[in-house]
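Me: I would like to go through the hollow spaces in this protein and ask what earns each one its label. Please look at the model first.

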Amino acid sequence: MTRLSIFPLPGAILFPGLQLPLHIFEPRYRSLVGDALVRDRKIALIQPQRSIDGAPLYTIGCVGRIGEVEAMEDGRYNLILEGEARFKLIRELDVATAFRQVEGQLIEDDENDVLSAIERAGFEQEARRFASAQGYSVDWDSVERLDDFSLINGVSQIAPFDPASKQALLEAENIHARCELLIQLMQFFGRGDGGEEIMTLQ
């Protein structure tokens with residue numbers, strides 16, 4: 001079990017191996033960052049189930065390490081959070097700090113796990129169809145050079161799905177389950193008639 005200081009941010013998802021830029025301005029989260037910088041530079045990002053203060057948390061989040069950081073004169077921070085490992089929420093702790101803390105169990109994902117040739121081809125085919133339907137410009141040569149872990153997690157983090165769908169991707173057991181869910185989500189969100197608004201990650 002690991003004690004984790006959390007940043008419960010609605011709509012924000014971080015995956016292992018990826019980066020997320022954050023602008024920290026609330027006093028309690030400035031305190032969170034300051035505390036992390038003098039300890040281990042780690043912050044656990046997890047979504048609350050509702051957008052209200054103190055809302056219950058989802059069960060899976062991601063521990064990130066503060067990489068680049070810019071401390072401003074007024075106490076705000078701009079930083080890059082680098083995803084290290086998913087974690088399972090065990091329980092929330094009763095603490096005196098302004099920020100929330102939990103006890104979590106780190107999840108060991110196999111970064112060397114690979115998709116089958118059929119899984120990879122099916123994913124890339126659906127990704128091309130989805131990108132074309134959404135009007136995205138994609139460097140497919142660069143995409144083809146990505147390893148499976150980076151590709152599937154990368155698309156899961158940046159795809160314009162609603163927060164609940166992105167949470168489901170984060171909770172997927174492994175790269176194979178995540179790939180299959182991604183394909184389903186691209187098919188679902190990509191079949192709109194243009195009159196439906198797709199919620200995007202803010």
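Reply: The model is a predicted one. A cavity is a set of grid points where a 1.4 Å probe fits but cannot get out, and a lining residue has an atom within 4 Å of such a point.

Me: What makes Ala12 or Gln167 a lining residue of the largest cavity?

Reply: The test is an atom within 4 Å of a point of the cavity. Ala12 and Gln167 are among the residues that line the largest cavity, so each has such an atom. The others are Ile13, Leu14, Leu45, Ile46, Gln47, Ile60, Gly61, Cys62 and Leu170.

Me: Which elements supply at least two residues of that lining, and which gives the most?

Reply: Strand E3 (42–46), strand E4 (60–71) and helix H5 (163–171) each supply at least two. E4 gives the most, with three residues.

Me: How do you know that Gly61 is not one of the nonpolar residues in this lining?

Reply: Gly counts as polar under the classes used, so Gly61 goes with the polar residues of the cavity lining. That lining has eight nonpolar, three polar and no charged residues.

Me: How many cavities reach 30 Å³ or more?

Reply: The count is one. The largest cavity has a volume of about 30 Å³.

Me: Why is the space of about 390 Å³ called a pocket and not a cavity?

Reply: A cavity does not let the probe out, whereas a pocket is an open set with protein on both sides within 12 Å along at least five of seven lines. The space of about 390 Å³ is the largest pocket, so it belongs to the open kind.

Me: What lines the largest pocket?

Reply: Its lining has 21 residues, and Val138, Val143, Gly154, Val155 and Ile158 lie nearest the centre. Helix H2 (117–134), helix H3 (140–145) and helix H4 (148–158) are the elements that give two or more residues. H4 provides the largest share, six residues. By class there are 16 nonpolar, five polar and no charged residues.

Me: What makes Glu26 a charged residue in the lining of the second largest pocket?

Reply: Glu is on the charged list with Asp, Lys and Arg. Glu26 lies nearest the centre of this pocket together with Pro8, Leu9, Pro10 and Tyr29, so it counts among the charged lining residues. The lining has ten nonpolar, three polar and five charged residues. The volume of the second largest pocket is about 320 Å³, and E2 (19–24) gives the most to its lining, with three residues.

Terms used: Residues numbered from 1 in each chain as written. Predicted model: local features only at pLDDT ≥ 70, side-chain atom pairs only at ≥ 80, totals over all residues. Heavy atoms only, no water. 1 Å grid on protein atoms, 1.4 Å probe; cavity = no way out; pocket = protein on both sides within 12 Å on 5 of 7 lines; lining within 4 Å. Points joined across faces, edges and corners; volume = space filled by probe spheres on them. Helix = DSSP H or I, 4+ residues; strand = E, 2+ residues; numbered from the N terminus.
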